[in-house]
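Here is a walk through one chain, written for someone who likes to see the contacts behind the picture. Have the viewer open and follow along.

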Amino acid sequence: MAVASGNAPLQVHSEQPQSIDELRGSYTLETGSLEVNLQDVEFPEDTTDLEASIENGALTVVVPKGVAVRAHAEVGNGTVSFLGSERTGENLDRQYESEGYDQADHRLSLGLSAGTGVITVVREE
C-alpha cells in the first residue's frame, strides 16, 4: 500500500505470519511504516530470533501473550518504546528483557534498528 506524503509515496507495510513456518528471520523497509504482528504465531519452546529494521519511519512489533521478550534496539534519531517504557533522543541503544526471560519456555529475541524514526514493541491485547 502506498500513502501520499508530500511529494513521495510513503510505504505502509504489514507482516502478519500465521505460523512459525511463515515467520522470516528478518524484515526490512527503507522508508515508511513497517508492522510485524506476531500475535498468531505459536512459538516453539526455546528462543526464536527475529531482526527488523527501517531506515526512515516507524517500526512496530506486536508480540503475543505468553512469550517472554528480550529486545535490543538502536535508533540514530528518534524514539524507542518497549511495552510502554519510552525514550527519545539521538544515538539510542536500548535493551529490554521480560521478567523471568531465561526461565520462560517460549522466548523471542528481537534485534531492532532505525536510522531516523520510532521503534515500538507492544504486547497483543
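## Starting at Asp93

Asp93 sits in strand β6. We're looking at a predicted model here, so keep that in mind for every distance below. With a relative accessibility of 49%, Asp93 falls in the partly exposed class, because that class runs up to 50%.

What does Asp93 touch, once residues up to four places away in sequence are set aside? The answer is His72, Ala73 and Glu74. With His72 there is also a polar contact, side chain to side chain, at 2.5 Å. Val75 belongs in this picture too: its C-alpha is 6.7 Å from that of Asp93, although the two residues are 18 apart in sequence.

## How far to trust it

The confidence numbers come next. Averaged over the chain, pLDDT is 92, and 93% of the residues reach 70 or more. The stretch to watch is residues 1-5, where pLDDT stays under 50. For those residues the model has eleven contacts beyond four places in sequence, so treat these contacts with the predictor's confidence in mind.

## One aromatic pair

How many aromatic pairs turn up when the whole structure is searched? Just one. Its partners are Phe82 and Tyr96, with 5.7 Å between ring centres and 40° between the planes, which makes the pair tilted. The label follows because 40° is neither under 30 degrees, which would be stacked, nor over 60, which would be edge-to-face.

Phe82 belongs to strand β5 (residues 68-82) and Tyr96 to strand β6 (residues 85-97), so the pair ties together parts that lie 14 residues apart in sequence. Are the two rings' residues buried or exposed? Phe82 counts as buried, at 1% relative accessibility, while Tyr96 counts as partly exposed, at 24%. The cut-off for buried is under 20%, so Tyr96 at 24% misses that class.

## Salt bridges around Arg70

Now for the charges. Side chains of opposite charge can pair when their charged atoms come close. The count for this model is four salt bridges.

Which residue meets Glu97 in a salt bridge? It is Arg70, with an N to O distance of 2.7 Å. This pair links distant parts of the chain, since Glu97 is in strand β6 and Arg70 in strand β5, 27 residues apart. Both ends are partly exposed: Glu97 has a relative accessible area of 40%, and Arg70 has 30%.

Arg70 also forms a salt bridge with Asp102, where the closest N and O atoms are 3.1 Å apart. Here the link runs from strand β5 to the loop between β6 and β7, where Asp102 lies, over 32 residues of sequence. Put together, Arg70, Glu97 and Asp102 make up a network of salt bridges.

## Glu15 and Arg24

Another of the salt bridges joins Arg24 to Glu15, with 3.4 Å between the closest N and O atoms. The side chains of Glu15 and Arg24 also register as a polar contact at 3.4 Å. The two ends fall in different accessibility classes: Glu15 counts as buried, at 16% relative accessibility, and Arg24 counts as partly exposed, at 41%.

Glu15 itself lies in strand β2 (residues 8-15). Apart from its neighbours within four places in sequence, Glu15 is in contact with Arg24, Tyr27, Glu35, Val36 and Asn37.

## Strands side by side

To finish, the strand pairing. How do strand β3 (residues 26-37) and strand β4 (residues 46-63) run, parallel or antiparallel? They run parallel, joined by eleven bridges. Strand β4 is also joined to strand β7 (residues 106-123), again in parallel, by 17 bridges.

There's a handy glycine trail for finding your way across these strands. Gly32 stands opposite Gly57 in β4, and Gly57 in turn stands opposite Gly117 in β7.

Definitions and conventions:
Residues numbered from 1 in each chain as written. Predicted model: local features only at pLDDT ≥ 70, side-chain atom pairs only at ≥ 80, totals over all residues. Heavy atoms only, no water. Phe/Tyr/Trp six-rings, centres within 6.5 Å; stacked < 30°, edge-to-face > 60°. Helix = DSSP H or I, 4+ residues; strand = E, 2+ residues; numbered from the N terminus. Buried < 20%, exposed > 50% of the residue type's maximum accessible area, 1.4 Å probe, protein only. Pairing = 2+ DSSP bridges. Salt bridge = Lys/Arg side-chain N within 4 Å of Asp/Glu carboxyl O. Contact = heavy atoms within 4.5 Å. Polar contact = N/O pair within 3.5 Å; in protein donor to acceptor, adjacent residues only side chain to side chain. pLDDT = per-residue confidence, 0-100.
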